[in-house]
Amino acid sequence: MAASASLLKSSPVLDKSEFLKGQALRQPSAVSVVRCQPVSSSSLTVRASSYADELVKTAKTVASPGRGILAMDESNATCGKRLASIGLENTEANRQAYRTLLVTAPGLGQYISGAILFEETLYQSTVDGKKIVDILVEQNIVPGIKVDKGLVPLAGSNNESWCQGLDGLASRSAAYYQQGARFAKWRTVVSIPNGPSALAVKEAAWGLARYAAISQDNGLVPIVEPEILLDGEHGIERTFEVSLKVWAEVFFYLAENNVLFEGILLKPSMVTPGAECKDKATPEQVADYTLRLLKRRIPPAVPGIMFLSGGQSEVEATLNLNAMNQAPNPWHVSFSYARALQNTCLKTWGGRPENVKAAQETLLVRAQANSLAQLGKYTGEGESEEAKKGMFVKGYVY
């Protein structure tokens, strides 16, 4: 632990110039090999990524005090569903207009340290013709990229799924790095009502580990996200039990794949009852179970725990995060929210140019609320009724 701490302390926060778009691809330096001499004739080889120092800097930048991640990586199809909810057609121009609204919100970088983008957005410009990656960098926000290819049925399981996208991931990651991305995101899911089966848990953990190793090999900090879905009537104890199993598998395979723990970020689900459970949990109960999970499973070397909201209401997600930050944690405990940052903002905009300023102000209100929650200083006062509405969708995919 002391070694990990000294490594983190010696690594300065990433300077904006280090993730400017268009930086030439780095040529991997000579690989350093450490050989152990076990009793058997075989030897253990430990491989160090040529990007190790940069990965640690990037992770520390994203996991900086009072800041978290804006997840705006909805696929074009899911973005279309968001636009349809306010009566807009799913066109590239409308997607561009909405994404421009998000990234150009004045002062967003005060509360947001990283933005996860969909591939279209990584290469997209704003309505004014400025590259979105450049806008983020100017706001001191690290650009990230969703790299998975979505969920598909897992043969031999109990109606469960696995996440595809490892094929060609190395070359895609190299291209994303060159375009200015500095971290990646891969979402797989585990369903409690469907078991979860040992096969599904192992597949999720192995896929995440391979993705993480490939990402680090190409300069991208991997966000490791095994989302335990809210679907179900189970209580908080069952969620806790499944979470312990899932995270044990995830870290076993991360270690097996020689992933640098100081150069990753996690995106776990909070430990809550199932969405259809009659017994609701208070923020204090959610914090207690979730922190107990983290302390039993997550090494202190990991710099940032960036929670997903998973269909909680905007206020609920913020209250739960705040409860987790009432005492110091070994890690930066923060947020990586999509709907819990964007829901009221989207409805305020409604696709009307005259509403852009008001919508951006709404986004900043939510971002600031979660910034305060990361610091343990959120009170929940003055929240709108819209922000208190739940957003759970059964069998949610994107």
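**View 1. Strands S11 and S12 with helix H11.** Two strands are taken to pair if DSSP finds at least two bridges between them, and the strands and helices named here are DSSP runs numbered from the N terminus (E, at least two residues, for strands; H or I, at least four residues, for helices). The model is a predicted one, in which local features need pLDDT of at least 70 and side-chain atom pairs count only at pLDDT 80 or more, while totals for chains, interfaces and linings use all residues. Residues are numbered from 1 along each chain as its sequence is written, and side-chain values use heavy atoms, with hydrogens and water left out. Strand S11 (residues 304-307) and strand S12 (residues 332-337) are paired in the parallel sense through four bridges, and Phe307 stands opposite Phe335 of S12. Helix H11 (residues 314-324) packs on the sheet and touches both S11 and S12 (contact being heavy atoms within 4.5 Å). The direction of H11 makes about 170° with that of S12, where axes are lines fitted to C-alpha atoms, for helices over the stretch in contact, and angles between N-to-C directions run from 0 to 180 degrees.

**View 2. The surroundings of helix H11.** Because nine of the eleven residues of H11 are buried, this helix is largely enclosed by the rest of the structure; buried means under 20% relative accessible area, exposed over 50%, and partly exposed in between (1.4 Å probe, protein chains only). Among the buried residues of H11 are Glu314, Val315, Thr318, Leu321 and Met324. The buried residues of H11 pack against helix H10 (283-297), helix H12 (339-349) and helix H13 (356-374), as well as against S11 and S12.

**View 3. The closed barrel, seen at strand S4.** Eight strands form a closed barrel with parallel pairing, in the order S3-S4-S5-S8-S9-S10-S11-S12. Within this barrel, strand S4 (residues 112-117) is mostly covered, six of its six residues being buried. Strand S3 (residues 68-72) runs parallel to S4 and is joined to it by five bridges, with Ala71 standing opposite Ile116 of S4. Strand S5 (residues 142-146) also runs parallel to S4, the two being joined by four bridges, and the bridge partner of Ala115 in S5 is Pro143.

**View 4. Strand S9 between its barrel partners S8 and S10.** All eight of the eight residues of S9 (residues 221-228) are buried, and both of its faces are covered, with Val221, Ile223, Glu225 and Glu227 on one side and Pro222, Val224, Pro226 and Ile228 on the other. Strand S8 (residues 183-190) runs parallel to S9 and is joined to it by eight bridges, Val190 standing opposite Ile228 of S9. Strand S10 (residues 265-266) is likewise parallel to S9, here with two bridges, and Leu265 in S10 is the bridge partner of Ile223. The chain crosses from S9 through H9 to S10 in a right-handed β-α-β crossover, meaning that, with the strands pointing away from the viewer, the path from the first strand over the helix to the second runs clockwise. S8, helix H8 (residues 198-217) and S9 make a right-handed β-α-β unit too.

**View 5. Helices H8 and H9 packed against each other.** The axes of H8 and H9 come within 8 Å and cross at roughly 40°. On the H8 side of this contact are residues including Val201, Ala205, Trp206 and Ala212, and they meet a set in H9 that includes Val246, Val250, Tyr253 and Leu254.

**View 6. Phe251 in the nonpolar core.** The largest nonpolar core (a set of buried Ala, Val, Leu, Ile, Met, Phe, Trp, Tyr and Cys residues joined through side-chain atoms within 4.5 Å) has 107 residues, and Phe251 and Leu254 are those with the most contacts inside it. Helix H9 (residues 236-256) supplies the largest share of this core, ten residues. Residues up to four places away in sequence being left aside, Phe251 touches Phe261, Ile264, Leu266, Arg297, Ile298, Pro299 and Val302.

**View 7. Backbone details in three loops.** Most residues other than glycine have a negative phi, and most peptide bonds are trans. The peptide bond from Gly195 to Pro196 is cis, with omega near -20°, and Pro196 is found in the loop between S8 and H8. Asn159, in the loop between strand S6 (151-153) and strand S7 (161-163), has a positive phi of about 55° although it is not a glycine, and Asn159 is exposed, with a relative accessible area of 67%. Asn258, in the loop between H9 and S10, has a positive phi near 55° and is partly exposed, at a relative accessible area of 41%.
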